[in-house]
Amino acid sequence: METWRILSEDPEAALVDVRTDAEWTFVGVPDLSSIGKQPVLIPWQIYPTMQVNTHFADHLRKAGLTPLHRLYFICRSGARSLAAAQAAQAAGFPHAFNVADGFEGPVDPAGHRGTVAGWKADGLPWRQR
């Protein structure tokens, strides 16, 4: 996956996981430890109401991210992360990108995620939280 290569090579690249606390806990998180990084965990929507996190841009700044960083946003399948990347750009983070297939990707013919595309299906490192 292109995102993994960029995260590995670019010290200014960061992965921002915008899923919910429940998803991080029960589904897992990307494991960037082998490249000396950790994902930045900032929910785009707050569980269980799924209201948009109105402090999202502030949380990016509090995490130490600046307009100089290249930010790669990831969610389950790419929809929330696209909205988060667009919001980050509007908030002054010009290098904000969506990880299109997300952590689990689309559903397969059997209705399961994580097998067709995405972080897990691409065999990239992840762990249970």
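Q: Which residue in E3 does Asp17 stand opposite?
A: In this predicted model, the residue across from Asp17 is Leu41, which belongs to strand E3. A second facing pair is made by Val16 and Val40, the latter again a residue of E3.

Q: What makes E1 and E3 a pair of strands?
A: Pairing asks for at least two bridges between the strands, and two bridges join E1 to E3, so the two strands count as paired. They run parallel.

Q: How do you know that E1 and E6 pair as well?
A: Here five bridges join the strands, which run parallel, and because the requirement is at least two, E1 and E6 also qualify as a pair. Ala14, for example, stands opposite Leu71 in E6.

Q: Why are E3 and E7 said to stand at the edges of the sheet?
A: The sheet is open and has four strands, paired in parallel in the order E3-E1-E6-E7. Strand E3 (40-41) and strand E7 (96-98) each have a single partner strand, so each has one side without a neighbour in the sheet.

Q: Which helices pack on the sheet, and which strands do they touch?
A: Helix H1 packs on the sheet by touching E1 and E6, and its direction makes about 130° with that of E1. Helix H4 also packs on the sheet, touching E6 and E7, with a direction that makes about 170° with that of E7.

Q: Why is E1 described as largely enclosed by the rest of the structure?
A: Five of the five residues of E1 are buried, so the strand is largely enclosed by what surrounds it. Ala13, Leu15 and Asp17 point one way from the strand while Ala14 and Val16 point the other way, and all of these are buried.

Q: Which members of the largest nonpolar core touch the most other members?
A: This core has 17 residues, and those that touch the most other members are Val16, Val18, Phe56, Leu60, Leu65 and Phe73. Two or more residues come from each of strand E1 (13-17), helix H3 (56-62), strand E6 (70-74) and helix H4 (79-90). H4 gives the most, with three residues. There is also a second, separate core of 13 residues, and Leu7, Leu15, Ile74 and Val99 are among them.

Q: With which residues is Phe73 in contact, leaving aside its neighbours within four places in sequence?
A: The contacts of Phe73 beyond those neighbours include Val16, Val18, Phe56 and Leu60, and also Ala84, Ala85, Ala88, Phe97 and Val99.

Q: What makes the meeting of Glu9 and Arg5 a salt bridge?
A: Side chains of opposite charge can pair when their charged atoms come close. The cut-off is 4 Å between nitrogen and oxygen, and the side chains of Glu9 and Arg5 meet at 2.7 Å, N to O, so the pair qualifies. Both residues lie in helix H1 (residues 2-9), four residues apart, about one turn of the helix.

Q: Why is Glu9 called exposed, whereas Arg5 is called partly exposed?
A: Exposed means over 50% relative accessible area, and Glu9 has 57%, so it is exposed. Arg5 has 37%, which falls between the limits of 20% and 50%, so it is called partly exposed.

Q: Why is the salt bridge of Arg80 and Glu23 said to tie together parts of the structure?
A: The side chains of Arg80 and Glu23 meet at 2.8 Å, N to O. Arg80 lies in helix H4 and Glu23 in helix H2 (residues 21-26), so the pair ties together parts that are 57 residues apart in sequence. Buried means under 20%, so Arg80, at 14% relative accessibility, and Glu23, at 13%, both count as buried. Elsewhere, salt bridges that share partners join Glu2, Arg5 and Glu9 into one network. The whole structure has six salt bridges, and one of them links Arg19 with Asp17, whose closest N and O atoms are 2.7 Å apart. Arg19 and Asp17 are both buried.

Q: Why is His69 counted as buried?
A: His69 has 16% relative accessibility, and because the limit for buried is under 20%, it is counted as buried. His69 is found in the loop between H3 and E6, where its side chain reaches the backbone nitrogen of Thr66 at 2.9 Å. Leaving aside its neighbours within four places in sequence, His69 is in contact with Glu12, Gly64 and His95.

Notes
Residues numbered from 1 in each chain as written. Predicted model: local features only at pLDDT ≥ 70, side-chain atom pairs only at ≥ 80, totals over all residues. Heavy atoms only, no water. Core = buried A, V, L, I, M, F, W, Y, C linked by side-chain atoms within 4.5 Å. Buried < 20%, exposed > 50% of the residue type's maximum accessible area, 1.4 Å probe, protein only. Contact = heavy atoms within 4.5 Å. Axes fitted to C-alpha atoms, helices over the stretch in contact; angles between N-to-C directions. Polar contact = N/O pair within 3.5 Å; in protein donor to acceptor, adjacent residues only side chain to side chain.
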